[in-house]
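This report walks through sheets, cores and salt bridges in turn. Keep the viewer open while reading.

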Amino acid sequence: MQVSTVNNVKIYNLSHGKSLPEWLSDRKKRALQKQDVDIQRRIELIQDFDMPTVCTSLRVSRDGQYILAAGTYKPRVRCYDTTQLSLKFERCLDSDVVTFDILSDDYSKLVFLHIDRYVEFHSQHGHYYKTRIPKFGRDFSYHYPSCDLYFVGASSEVYRLNLEQGRFLNSLETSAVEHNVCDINPVHHLFATGTIEGKVECWDPRARNRVGILDCALSSVTESTEVDGLPSVTALKFHGSLGMAVGTSTGQILLYDLRSAQPLLVKDHYYSLPIHSLNFHDQLDLVISADSKIIKMWHKDTGKIFSTVEPQTNINDVCLYPNSGMLFTANEDPKMNTLYIPALGPAPRWCSFLDNLTEELEENPESTVYDDYKFVTRKDLDNLGLTHLIGTPLLRAYMHGFFMDIRLYHKVKTMVNPFAYDEYRKDKIRQKIEESRAQRVQLKKLPKVNKELAMKLMDEGEDEALLKSKKKKAKGTTSILSDNRFKVMFENPDYQVDEQSEEYRLLNPLVSKVSQKRKKKLKMLAQLEAEEERKAQQEEEEEPEGRGSSDEDTSDDDDDKSWVAEVREQRRQLHAEKRNAKDKEQDSRRQDRDADLRATAGGSSGAFQQKHQTQAQGQPRFYQIKAGEEFRSFGDVARKQKLQKATLEERLRLDESAGMSNLADSAVGSKQLTFTLKKSEKQRSQQRAERDHHEERRKLRRSAGHLQTGGRGRGWGGGRGRGRGRGRGGGGRGRF
């Protein structure tokens, strides 16, 4: 037996557990029951309550003594006697059963509709008669006053077979193309059929005339439902004289009052699967609806969920035992489930011991194996300091964490945080005090986190409340501050809005402009409502003054341009801040590198002396690093010590021969990149030409530095003259 709790409603699955094969002998079965504990603990309420492969439909006789099930393979029907809690008889059939019904109070009169269009009648002793309908059938109903069987299927006609006369009567001509289901009201015997077009046609069997049509397809599509195609009617059930439930192929259930064309309630299963079964529970006013995946129990008036059952296999049919809390389900599985729900009602008379059994289970709840263990993640183990236990029997790996003994967890938790109980007690006291304060008169108090956002929301809420108070019909809306879903945003510091972040600074202009437009719109609406109220009070109509639409468009354009300009300005500021930060970072790196080089050059002599002393003593080498000096590598220190001994001329020559160098710091030391600029052939030829030209000019130049001028010379004219000394003078002959 499996016990589950859904919405505080306990559900007992009496068919849960291992099942023994049919071909085992009784001796083997007894031996397995002695060896296997699971087989010993199972509850076999009805012996052999299963099918060889699949069960398709279930029915309970009106006297409640017999349970009949149809299934395959091979196609068969089984009858179970509840007084004996065992199988009464089994009959094999020629073809699979679409549906069947019990015409008598016990099992003595049965009707089966087969997939090959045959209708088969069984009496108490077995097969009685077999006939055929013109089209493939999908469902049928029995009209007790006239002894007529109504068959619906892949045809627009509804076939009538009278069992008293033993012949077919005139069919009912409908406007539908095909029919899926049908039902007859047990009070006034109104016949209703569900069509493939999503309509329900109602007929009066006395006059054989159609009395009404309900369009369920349009009514089933609401704002919250999404459908891919036209819903068709797949389930139909009458309740009382005026109630009717309709199930659609898209997973909706519609509750109707026959006096209205609009549904009283629309319930969605949210699985988009056809509804297979509909039942009413009169004691609690519940509707039990089922598709192939889930069984839902919900209140008929409000639609609120009472409980749900989701088996492991697909559901074919659901049968409710009358005046009890027991359900039978036909599944795509050999085993037929027996569900007992004490909240729906007591156990049937033939298994009244279930009430005592469930009461004992509720008094002594059985603890599971996980109650003695605590699930912890690797992060929890790090916080507790128990990572060294990984791989030991004290920790059992499971999914993304480990299971450990709850006693060990509490002991380690107490040792790690001995004041945990005191903190827990203080938090509880603080919560109690805050709950008591909530009953007092509350003043406007800003939260500790996101105060600016809270002030903004308060102002907007006041404006909306002021506007809605003037309206006659205003819908109530909840604010973010009073919504529990957003409560953490104003309590947890992790949700604090960072106003210096790039995203906030880029979005803030747009948000502020939107809020300003919203406030302006609220003010305009308030003004318009005030003017309308003034007009209603005045007897004479006056034309209100207002500005044209062009002015509003201009103001909107100006607002758009203003927030666009603000966004651009914020973007420019962000780029400037990034450039400044990058420049500062580069300057700081350059200063650090220069300081490291200076400190290394100044402190390398001490390290060099220390090296010689250690070598002389034959001890290990030690290098002294002074304050401000950064250690890179031993090879770098030795190279700098050699450079310290060299002269300035040698150091300059080494730098010139090395070309240009670039130092870059890394996590493991420093990297030096050495490279020489290579000139192109054109540049080298140009430099050679310039050098040859300078050499030629140097050879042609005549120096006149040894000549001294004593006075002015007289000559015969301008130009070069002859004299004792040659030179570039202004006079030709003169005394020097």
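Buried means under 20% relative accessible area, exposed means over 50%, and partly exposed lies in between (1.4 Å probe, protein chains only). The model is predicted, so local features need pLDDT of at least 70, side-chain atom pairs count only at pLDDT 80 or more, and totals for chains, interfaces and linings use all residues. Residues are numbered from 1 along each chain as its sequence is written, and side-chain values use heavy atoms, with hydrogens and water left out.

## Sheets

Helices (H or I, at least four residues) and strands (E, at least two) are DSSP runs, numbered from the N terminus. Two strands pair if DSSP finds at least two bridges between them. Strands of a sheet pair through backbone hydrogen bonds, either parallel or antiparallel.

One open sheet holds 5 strands in the order E1-E2-E29-E28-E27, with antiparallel pairing. Strand E1 (2–6) and strand E27 (315–320) are its edges; each has a single partner strand, so one side of each is left without a neighbour in the sheet. From one strand to the next, the twist averages 25 degrees. Here axes are lines fitted to C-alpha atoms, for helices over the stretch in contact, and angles run from 0 to 180 degrees between N-to-C directions. Inside this order, E28 and strand E29 (residues 337–340) pair in the antiparallel sense over 4 bridges. Leu327 stands opposite Leu339 in E29.

Another open sheet has 4 strands in the order E7-E8-E9-E10, again antiparallel. Its edges are strand E7 (97–102) and strand E10 (127–132), each with a single partner strand, so one side of each is left without a neighbour in the sheet. The twist averages 15 degrees from one strand to the next. Strand E8 (residues 110–114) and strand E9 (residues 118–122) share 4 bridges in the antiparallel sense. Val111 has Phe121 in E9 as its bridge partner.

Next comes a hairpin. Strand E11 (residues 137–143) is mostly covered, with 6 of its 7 residues buried. E11 pairs with strand E12 (residues 148–153) in the antiparallel sense over 6 bridges. Gly137 stands opposite Gly153 in E12. The hairpin has 4 residues between the strands, and Cys147 takes a positive phi near 60 degrees.

## Cores

A nonpolar core is a set of buried Ala, Val, Leu, Ile, Met, Phe, Trp, Tyr and Cys residues joined through side-chain atoms within 4.5 Å. The largest has 23 residues. Those with the most contacts inside it are Leu45, Leu58, Met326, Phe328, Trp350 and Leu354. Strand E3 (54–60), strand E4 (66–72) and strand E28 (326–331) are the elements that give two or more residues to this core. Apart from it lies another core, of 16 residues, among them Ala290, Met297, Val318 and Ile341.

Contact means heavy atoms within 4.5 Å. Not counting residues up to four places away in sequence, Leu58 touches several residues, including Leu68, Phe100, Asp317, Phe328 and Met336.

What does His281 touch, leaving aside its neighbours within four places in sequence? His281 is in contact with Leu286, Leu320, Ser324 and Leu344. His281 is found in strand E23 (residues 277–281). At 3% relative accessibility, His281 counts as buried.

## Salt bridges

A salt bridge is a side-chain nitrogen of Lys or Arg within 4 Å of a carboxyl oxygen of Asp or Glu. By this rule the count comes to 17. Three pairs are listed here.

| Pair | Closest N to O | Accessibility, acid | Accessibility, Arg |
|---|---|---|---|
| Glu201–Arg210 | 3.7 Å | Glu201, 1%, buried | Arg210, 40%, partly exposed |
| Asp257–Arg259 | 2.9 Å | Asp257, 16%, buried | Arg259, 66%, exposed |
| Glu695–Arg698 | 2.9 Å | Glu695, 38%, partly exposed | Arg698, 48%, partly exposed |

Glu695 and Arg698 are 3 residues apart in helix H13 (residues 681–700), so they are separated by about one helical turn. Elsewhere, Asp50, Arg76, Arg78 and Glu90 are linked in a network of salt bridges.
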